[in-house]
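User: I'd like a close look at one part of this model, please. Take me through the pairing slowly, then work outwards from there.

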Amino acid sequence: MRSIWNGAISFGLVSIPIKLVNATESRSVSFRQVHVEDGGRIRYRKVCELDGEEVAPAEIGKAYEDADGTMIPITDEDLAALPLPTAKTIEIVAFVPAGGIDPLQMDAGYYLSANGVPAAKPYTLLREALKRSDRVAVAKYALRGRERLGVLRVVDDVIAMHGLLWPDEIRAPEGVAPETPVTVRDVELDLADALMATLGEVDIDTLHDDYREAVEEMIAAKAAGGEGVAPPEPGEEDGGGQVIDLMAALEKSVREAKETRGETAEVTDITSRRPAKKTAAKKTAPAKKTTTKRTTAAKTTATKKTAATKKTAATKKTAAAKKTAAARKTAAAKKTPTKKATPKKRTA
């Protein structure tokens with residue numbers, strides 16, 4: 001890969017010669033502007049607005065436009081004379097946790113390559129130190145005529161640098177959030193959670209630009225003498241700008257996501273779960289209370305009846321036993337013979 005900048009990393013008193021290489025590239029399909037009538041290409045020419053003459057690149061300089069429209073010429077010598085210590089140096093100023101960098105600040109990405117054999121040892125030292133500390137290095141550097149902010153981190157076995165916007169270049173999100181108060185119900189959050197769980201995770205490497213592929217397919221068809229690709233079939237209207245049924249949209253999203261993954265699309269239990277519990281609790285509570293009272297009363301009555309029955313049975317049993325004993329005693333008395341009195345002998 002071709003380097004776009006040569007310099008050094010300043011790591012305390014350690015200097016590491018490096019080359020800066022673009023880590024990203026644009027894959028988007030670019031178009032040229034043409035004249036519709038004859039297909040001639042439209043080109044831009046740099047013309048001086050005072051004399052109307054086209055100006056060659058060598059004759060073009062820099063200037064700063066003042067508030068009143070006055071042009072203040074700025075030469076390359078003026079810029080080179082500025083005290084800019086980072087003109088050829090990536091100066092590390094701090095080491096911070098990776099989570100401390102706001103993703104909104106992230107800009108272009110670069111790879112830092114060790115420039116020459118002597119740079120291999122300090123380059124590896126910085127790389128391993130970043131790995132072990134689990135931190136990133138915040139640095140300042142100059143590129144394309146201006147000082148910039150960057151963050152250094154390890155990607156595989158390479159030190160990568162991401163350009164960062166300066167903090168004052170990040171706009172505050174004033175007036176962006178909805179101004180109208182909105183209440184989100186628990187059941188809606190449940191459906192949103194279900195949709196998130198169904199979609200799950202994704203391998204970023206498997207994602208691709210469908211639109212770019214369609215454009216390339218269309219260009220290839222036209223280049224082969226065809227009419228391009230057929231227009232897509234009209235589908236359901238997305239209702240852009242219209243008020244939608246949020247619950248219905250969430251339920252449909254969960255159902256389609258599950259069908260795509262080959263799962264059973266059941267979402268009705270989610271939508272009715274919470275309200276059903278509350279309603280059942282309110283209706284059942286009085287019923288339980290009444291039932292308990294009735295049951296207690298029935299148990300008490302049954303207990304009393306049982307006690308009375310037992311008492312009556314015992315009384316009857318006792319009376320029967322007494323009667324039986326008396327009868328036995330009477331029968332025995334009848335059976336026993338009465339002894340006759342023996343007459344006394346008279347004495348002569």
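How many bridges join strand E5 to strand E7, and do the two run parallel or antiparallel?

Analyst: One thing up front: this is a predicted model, so read everything below as a description of the prediction. Six bridges join E5 (residues 89–97) to E7 (residues 135–143), and the two strands run antiparallel. If you want a spot to click on, try Glu-91, whose bridge partner in E7 is Lys-140.

That pairing is part of something bigger. Seven strands close into a barrel, in the order E1-E2-E6-E9-E8-E7-E5, with mixed pairing. From one strand to the next, the twist averages 40°. The chain has nine strands and six helices in total.

Now move along from E7. Strand E8 (residues 146–155) pairs with E7 in the antiparallel sense over seven bridges, and Ala-142 stands opposite Glu-147 in E8. E7 and E8 make a hairpin with two residues between them. Look at Arg-144 in that turn: its phi is positive, at about 55°. As a rule, most residues other than glycine have a negative phi.

Keep going and you meet another hairpin. E8 is joined to E9 (residues 158–164) by seven bridges, again with the strands running antiparallel. Val-154 has Ile-159 in E9 as its bridge partner. Two residues sit between E8 and E9, and Asp-156 in the turn has a positive phi of about 55°. Asp-156, in this loop between E8 and E9, is exposed because its relative accessibility is 67% and the cut-off for exposed is over 50%.

Back to E7, this time at the residue just before the strand. Asp-134 is in the loop between helix H2 (120–133) and E7. Asp-134 also has a positive phi, near 55°. Its relative accessible area is 64%, so Asp-134 counts as exposed.

What about the E5 side? Gly-99 is in the loop between E5 and strand E6 (106–114). With a relative accessible area of 77%, Gly-99 is exposed. Gly-99 and Arg-135 are 36 residues apart in sequence, yet their C-alpha atoms are 9.0 Å apart in space. Arg-135 falls within E7, which covers residues 135–143.

Away from that pairing, a couple of other places are worth a click. Arg-41 lies in the loop between strand E2 (14–22) and strand E3 (62–65). Leaving out residues up to four places away in sequence, Arg-41 touches Arg-32, Gln-33 and Val-34. Arg-41 is partly exposed, at 41% relative accessible area.

Then there's helix H3 (residues 186–199), which holds Leu-189. Leu-189 joins Val-182 and Val-184 in a nonpolar patch on the surface, with about 280 Å² of accessible area together. Leu-189 itself has a relative accessibility of 42%, so it counts as partly exposed.

Zooming out, the chain has 348 residues, of which 16% are buried. The chain exposes about 28400 Å², with carbon and sulfur atoms supplying 56% of that area. And among contacts with a separation of 6 or more, 60% come from residues 24 or more positions apart.

Methods. Residues numbered from 1 in each chain as written. Predicted model: local features only at pLDDT ≥ 70, side-chain atom pairs only at ≥ 80, totals over all residues. Heavy atoms only, no water. Patch = residues over 30% accessible without salt bridge, like charges linked within 9 Å, V, L, I, M, F, W, Y side chains within 5 Å. Areas by Shrake-Rupley, 256 points an atom, 1.4 Å probe, with all protein chains shown as cover. Salt bridge = Lys/Arg side-chain N within 4 Å of Asp/Glu carboxyl O. Helix = DSSP H or I, 4+ residues; strand = E, 2+ residues; numbered from the N terminus. Buried < 20%, exposed > 50% of the residue type's maximum accessible area, 1.4 Å probe, protein only. Contact = heavy atoms within 4.5 Å. Pairing = 2+ DSSP bridges. Axes fitted to C-alpha atoms, helices over the stretch in contact; angles between N-to-C directions.
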